[in-house]
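Open the structure in your viewer and get your selection tool ready. We will walk along two interfaces and finish with the cysteines.

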Amino acid sequence: MSLQYPGLIVVVPLLSALVISIAGWVNKRWCFPIAVAGLSVAAYSSVGLLFRVLDEGVIVYKLGGWDPPMGIAYYVDHLNGLVLAVVSVVALLNAIASKNSIEQEFPERIGPFYTLYVLMVTGLLGIVVTGDAFNLYVLLEIAALTGYGLIAMGGGRGPLSALNYLYMGTIGACFYLLGIGYLYIMTGSLNMVDIARILPDLYQSKAVMAAFIICMVGVWLKMAFFPLHAWLPNAYTFAPSASSSLIAPLVTKVMIYVMIRLILTIFTPEFSFNILAVSKPIVWLSVIAIFMGAILALSERNLKKMLTFIIIAEVGYMVGGAWLGNRVGMTGAILHIANDALMTLCVFLAVGNIVYKVKGAEFENLQGLFRKMPFTMGAFVIGAMSMIGVPPTCGFFSKWYLISGAIQAGQYGFMVALLFSSLVNVVLFFRVFEICYYEPFSDHHGHGDHHPEPIDEAPVTMLVPLFIVAAILVLVGLYTGDIVNHIVEFAIPKGLV
Amino acid sequence: METIVSIKPLLAVSVSLLVTPILASSRAPNVREAWTFMAAVAKVLIVASMVPAVLKGAEIVYTVAEVVPGAAIKFRVDALGMLFALVSSSLWIVTSAYSIGYMRGLKEHSQTRYFVFFALALSATVGVAFSANLLTLYLFYEMLSFATYPLVTHHQDHEARSSGRKYLLYIVGTSIGIVLPAMLICYNMTGTLEFSMQGIFAGTEHKATITVLLLMLVLGFAKVAIMPLHSWLPAAMVAPTPVSALLHAVAVVKVGAFSVLRVLTGVFGVNLLTNLHLGTVICYIASFTVIVASLIALSQDGLKRRLAFSTIGQLSYIVLGVALLSPKGMIGGMTHIAMHAFGKITLFFCAGAIAVATGKKYISEMVGIGKRMPVTMVAFFIGSLSVIGLPPTGGFFSKWYLVLGTLQADQMPMLIVLLGSSLLNAAYFLPIVYKAFFCTPEESMFENTIQEAPIWCVAPLVVTAVISVVLFFYPTLFLNLAKLAIGG
Amino acid sequence: MGDIIQTIVAKYNFWIYITLMMIGLYAMIAKNNLVKKIVGMNIFQTAIILFYVSIGAKRGATIPILEHGHGGGHNVVHAIDYANPLPHVLMLTAIVVAVATLGVALALAIRVYDRYSTLEEDEILSQIREE
Amino acid sequence: MKVIGLIIAVLTGGLLIYAAGDFPAWSDPASPASTYLSPHFIEKTMEETSVPNIVTAVLADYRGFDTMFETTVIFSAGVACFLLLRAFRRKQPEARHYRHVLTGVTVRIKEGTKLPPSEDFERIDSLWTPHDLIIKTVCRLLIPFIQIFALYVIAHGHHSPGGGFQGGVILGASIIVLAISQDLRTAVKRMGEKLDALLCAVGVLIYAGTGALCLLLGLNFLDYSALASVLHVDPITARSHGILIVEIGVGVAVMATMIWIYNNVSSKGEYDQGL
């Protein structure tokens, strides 16, 4: 069976999404177990696949039995093996954690909601696993369309934000499609490896350069890289908790993966870094992205929205790291895909719990939360520490590699931006903690346990996944060395030093 | 040198970490405090069990995780680390006892949280002591910063919030903004962060870069409170007294001092600093802090604030001693970690005991208090002597070696600084004791009946005072450790 | 001069699609009405579809359906006689995606209209500011 | 915004025009696109899949995986529209309008109440709905033909332009015509919401299920030659049959989704009054 893992990763969620949509019309209570079962199989196969890749190297899976480049093939190497495992695990944990909030927020629409949820995961996994540039586009649109639906469920300003996201997302995806068209017209192929084989003769072509630029811009739009980020904050803020804690950790990260795939596999580092020679400006752009993300986050008075601006800064980390043009920076960027997905999940799940209990994420809703929801806040603190970059949480180590890369590349601006953003994150998160911790202020000097507010925690099903994620943050941090030596090291082509 | 691989360092660090879930979930205060004691005793025993090996010159290492090539999360117990771990873990027991008396005496809220974070802070402190490289040290340094935040802001009122902000701003701001980049630059220049006698820069010639890195690392560890990055320490005095005692006389500030020692001896190495004449630079920075802090202390009326400024000055002794780069000076600096710890914690305990028994916080309100609380004030006297550096207390030895160190290094200005500041120390401590005992009945603000603080408060301070005296007669353990630490 | 004109004529398909695409892109960014933006989006997508389909064209070739179905289909087939089938396949997908996006976009526009009773972006924004 | 839009559009256009210089001329038989992969498709399709319509073969077999997701895109759009628009708490219309079929007299009944179902009265959407016997009858007559044509398009996709998408759209259109010519309620009566939703999923399920069946039979996902043992034909013919099966699935899914989306969008998810 393990030979079929690459197929199962995408097919099982797809089938389970279809079954959910049927089951939704029969009995709503079946939806959740089916979704969890489907996502578990996907998670199991992708972790299994990662271990197989570690043993055997790149795995090619020919869909329909056709040899690439005639047919579509999956290429699973160390890079997407890692991302696959992260995506599927994040999706599974979030599905379990958000059960209650889904039932609370829209009890009537459980069936279609889970259908879209699992379809979105299918799309994201498909984007990561595929080795065909056009197939990637189709899956991109699946992930996007389902994402619009999931975001617009939020009510209020949700639909408007989703519509804006749709415009931007469509432009992004179309740009990507156009870029692939340019590559197709120049090479006649759609298979990534095949394109990479043909391209070196065409490196001087204007059309190939344009293809690269268009693809990049398209992907940047989708990942909300500054200055193309305007759609993201509202879309993520007004989405319901269950959606935002799926979309926020995964979508931008998967798009970063696509960008790295474009740089490393399709265009090769030689072309991206040496022939184009645009690394410096892009790194400076990401420096601006980090600064802007951090500064804009400071002005927010809503926890969820604040986090969305941090995501924009984090996108800057990864784009900058990837474009530093050296091995260490790329290592940092790849590592940060995994780490950022996990820590974003952690904080968003915590916010989900908070919203579930106190019905809002405005700062004034947060008063006294350390007393009221100590477990949720405990996990939130770990997530926040990881975002700040405190060892031994994983956020520290990817930052470590990113900064090392910046030093090696002589891009001190990027180093300063990363440190600045860490410091701003301290301010941001401790501002939240202060509200949760001090307010309402005790008028007396706080002697004696006069009226301890009763603990009012989220249900266990929401807490356990949250704790698992928080624990993973620390564990991944401690195993950074192994991850880098056994996975990331092989994910980057030898040519990049 | 013999190297032993053992899990003991990890156990020593994690014993208080592991106990935190039990502390957090225990409902009855007695159970909670029993666990605290058990963890504290276990910790001391584990640390102490490593002493013989270390005294034989062996090193105990344990690698937790190989996170970054050349910089694992790794423990290494050497003489200097052992000295510090021994001091901090043994003082945890005493402080735990004192905390019980203090917290119950004042009926503080959120005692469970207090004990949990106290345990966390202790884990971090011992972690710093046993770190084998700069990365591990940074890890525990940061952990300590965040674990002590809830302790500093225990009262959860407006004042606590603003102090907490200041605390974070200085401590975390410097560690992320200065130490982290400096560490990364070191790492990228040399490919390692492992502490070693020769330092990691052996063979590199970038004098300017090294100077900048040195300054960044020395000032960046702001817990050592070298001026101008000192003002978090007086602000942090809003914390409950046991917190001030352990953390601001022992754990937090000493972690800062210890980190600087590690940076000077392990990262840069004595030889390099001597060759580049960088020790002198650090000496002048430290001596400035010594003098100015002592002068400010003179003018403080709040007892805890005066103690805080005294601490700032004393911390710079440690840095000064090591920066002299002469063997005697380094021994002095290192032993000062221990000697000052016992002396200063006694003083803080006394301040807390006074607060519990009488509610007084200002020195001007303490005239004649010796009649009311004779035991406490005698202990205070002993503590003062130790901090000033007079026999028969342990503080004498560290001062003595510091003075010898200046002579050995031929640094006359430093000798003057040391002697001058000792006079200042005496000037801001002894009047308190004098006024406490020798005043006319009219001046006395207290009735003439003896009424001490609860036994849980008094016993610890008596113990630490006695230890301070004992250290005068038996200083060999710490002196030997310090001698080993400088490699002789 | 003749060369330039020849290039322009020889690649007229690209100029047409680029023009259409610019129109679509402009409409998506600059138009105030949400539905007009959707229209712009469709023009944009159509331009790309045209671009792809025009890649498939081949001089002197016919549609890529072999003349003989069952039975006599074993004559030699020359690639030069048939148009490139791949772009057509790809664009079937892209058309479907465009339709699906259009459906979702319209659904969202309806929801927006329900809430704000207008589809003009500036009016919606002023309503949001007043909230 | 207008200026920004103009600048962006011009910049993009400029880049594309600049790049177009390197493109092969239009309909150049020597262009890479025409010489690299497409000859293989053109020359080998018949041999490998025994489908004369190369587009169909590439669509459903060589790149069948794309097409499966294409169907999934449609499906997710259907679900998304449903999720976004479907009003679960239906608002009672302020008034209902009925027309007496024989006389054409319209009756307006105020909120809450309704006429008992009877042969004589038909419900109409609004007062101005015209009494359009000709349109209704013509459409009624046309619809069966449209549907038969649709089935032909699906089934004959192997040999002529057509296939699941095209046929499915035509099928869907036949029902939509019904909804337009009569009213939405009539169409929904013929093809209920639940049926729509189920058919959507079932259509994609046929496709994905065929693929999964291949996987269970021991070959890779969507490798129709695995079906040879089930269909009792040789592997090449099995591919041809496999293509037909998935095209049927596509047809079902596209039809149902078209109708579903139309129903939701045209009635704001209330399934009462259409356009």
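Select chains A and D to begin: 61 residues of chain A and 57 of chain D take part in the contact (heavy atoms within 4.5 Å). What you have on screen is a predicted model, in which local features need pLDDT of at least 70 and side-chain atom pairs count only at pLDDT 80 or more, while totals for chains, interfaces and linings use all residues. Residues are numbered from 1 along each chain as its sequence is written, chains are lettered from A and ligands numbered from 1 in the order written, and side-chain values use heavy atoms, leaving out hydrogens and water.

Between chains A and D, about 5,300 Å² is buried, with carbon and sulfur atoms giving 75% of that area; buried area here is the accessible area (1.4 Å probe) that two parts lose on being put together, summed over both. Now show A:Trp25, A:Trp66 and A:Met70 as sticks: they supply 17% of the area that chain A buries against chain D, more than any other three residues.

Next, pick D:Arg63 and A:Asp132, whose side chains meet in a salt bridge at 2.7 Å, N to O (a side-chain nitrogen of Lys or Arg within 4 Å of a carboxyl oxygen of Asp or Glu). The count between chains A and D is 1 salt bridge.

Move on to chains D and C. Here 55 residues of chain D are in contact with 53 residues of chain C. The area buried between them is about 4,800 Å², 76% of it from carbon and sulfur atoms. On the chain D side, select D:Trp26, D:Ile42 and D:Leu84, which lose the most area to chain C, together 15% of what that side buries.

Which side chains form the salt bridge here? Zoom in on D:Lys268 and C:Asp114, which meet at 3.1 Å, N to O. The rule finds 1 salt bridge across this interface.

Last stop: the cysteines. The whole structure has 0 disulfides over all chains (pairs of cysteine sulfur atoms within 2.5 Å). Select B:Cys457 and B:Cys350: the sulfur of B:Cys457 has its closest cysteine sulfur in B:Cys350, 11 Å away, too far for a bond. B:Cys457 is also buried, at 0% relative accessibility (buried means under 20% relative accessible area, 1.4 Å probe, protein chains only). Then try D:Cys200, whose sulfur is 10 Å from the closest cysteine sulfur, in D:Cys81, again too far for a bond. D:Cys200 is buried, with a relative accessible area of 0%.

Definitions and conventions:
Buried < 20%, exposed > 50% of the residue type's maximum accessible area, 1.4 Å probe, protein only.
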